[in-house]
Amino acid sequence: MDRRGYLGALAGASSIALAGCTTLADVGERLSGGEEYEVGMSRNAFDPAEYEASVGDRVVWKNTSGADHTITALEGSLPEGADYFATGGFDGEEAAREAWRDSRGGRLEPRGTYGHTFEVPGTYDYICIPHVGAGMVGTVVVVE
């Protein structure tokens with residue numbers, strides 16, 4: 001095999017091996033190793049984008065990317081009587097947005113986790129403030 005062919009084959013095999021390790025590590029971590037979570041975060045997306053939970057369930061998000069993210073509920077989408085939720089513990093959407101603008105408040109650093117217990121059935125829409133323009137939106141549907 002000539003040098004160019006060898007280097008091409010080596011690069012291809014390395015890419016496949018690395019891609020497989022990353023995917024398998026995330027799946028293994030979600031299922032058994034590391035801290036368990038229901039919703040992961042890539043560079044610009046929640047995974048899964050929609051998650052179904054039951055009343056009383058605690059949903060845990062984990063930042064599985066290398067970027068800072070937020071989990072910020074959209075107040076207008078909360079079911080009546082539901083508690084507001086956002087990384088940073090803010091009591092409303094505007095406070096969460098303002099904190100991010102002023103000092104990157106409410107950020108969830110890589111490998112960090114955040115959990116919220118859902119007590120009211122309904123649909124909860126949320127965003128990542130710095131990446132909403134790229135389509136980083138998610139939904140938790142809570143059923144009885």
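I will start at E93, which sits in helix α2. Helices here are DSSP runs of H or I with at least four residues, strands are E runs of at least two, and both are numbered from the N terminus. E93 counts as buried, at 14% relative accessibility. Buried means under 20% relative accessible area, exposed means over 50%, and partly exposed lies in between, with a 1.4 Å probe and protein chains only. Leaving aside neighbours within four places in sequence, E93 is in contact with T72, A73, L74, E75 and Y84. Contact means heavy atoms within 4.5 Å.

Before going on, a word on the source. This is a predicted model, in which local features need pLDDT of at least 70 and side-chain atom pairs count only at pLDDT 80 or more, while totals for chains, interfaces and linings use all residues. Residues are numbered from 1 along each chain as its sequence is written, and side-chain values use heavy atoms, with hydrogens and water left out.

Now the chain as a whole. There are 2 helices and 8 strands. From the N terminus on, the order of elements is α-β-β-β-β-β-α-β-β-β. The chain has 144 residues, and buried residues make up 38% of them. Its exposed area is about 8000 Å², of which carbon and sulfur atoms supply 51%. Those areas come from the Shrake-Rupley method with a 1.4 Å probe, and for residues only the protein chains shown count as cover. If we take contacts between residues at least 6 apart in sequence, 61% join residues at least 24 apart.

Next, the strands. Which strands make up the open sheet, and in what order? The order is β3-β8-β7-β5, so to speak from one edge to the other, and the pairing is mixed. Two strands pair if DSSP finds at least two bridges between them. At the edges stand β3, residues 50-54, and β5, residues 72-73; each has a single partner strand, so one side of each is left without a neighbour in the sheet. The partner of β3 is β8, residues 137-143; the two run parallel and are joined by 5 bridges. On that pairing, Y51 has V140 in β8 as its bridge partner.

Strand β4 covers residues 58-63, and 5 of its 6 residues are buried. Which strands pair with β4? One of them is β1, residues 39-41, which pairs with β4 in the parallel sense over 3 bridges. Another is β6, residues 113-117, which runs antiparallel to β4 and is joined to it by 5 bridges. W61 appears in both pairings: W61 is the bridge partner of V39, and W61 stands opposite Y114 in β6. As a general point, side chains in a regular strand alternate between the two faces of the sheet.

Between β3 and β4 there is a loop, and G56 is found in it. G56 counts as partly exposed, at 39% relative accessibility. Not counting residues up to four places away in sequence, G56 touches T117, F118 and E119. G56 and V143 are 87 residues apart in sequence, and their C-alpha atoms are 9.7 Å apart in space.

Last, the charged side chains. Side chains of opposite charge can pair when their charged atoms come close. A salt bridge here is a side-chain nitrogen of Lys or Arg within 4 Å of a carboxyl oxygen of Asp or Glu. How many are there by this rule? The count comes to 5 salt bridges.

One brings us back to E93, whose side chain meets that of R97 at 3.0 Å, N to O. Both residues lie in helix α2, residues 93-103, and they are 4 residues apart, about one turn of the helix. E93 is buried, whereas R97 is partly exposed at 26%.

Another salt bridge joins E94 and R101, at 3.1 Å, N to O. E94 is partly exposed at 44%, and R101 is exposed at 55%.

R107 and E109 also meet in a salt bridge, at 3.6 Å, N to O. R107 is partly exposed at 37%, and E109 is partly exposed at 45%. Which residues are linked in a network of salt bridges? They are D68, R104, R107 and E109.
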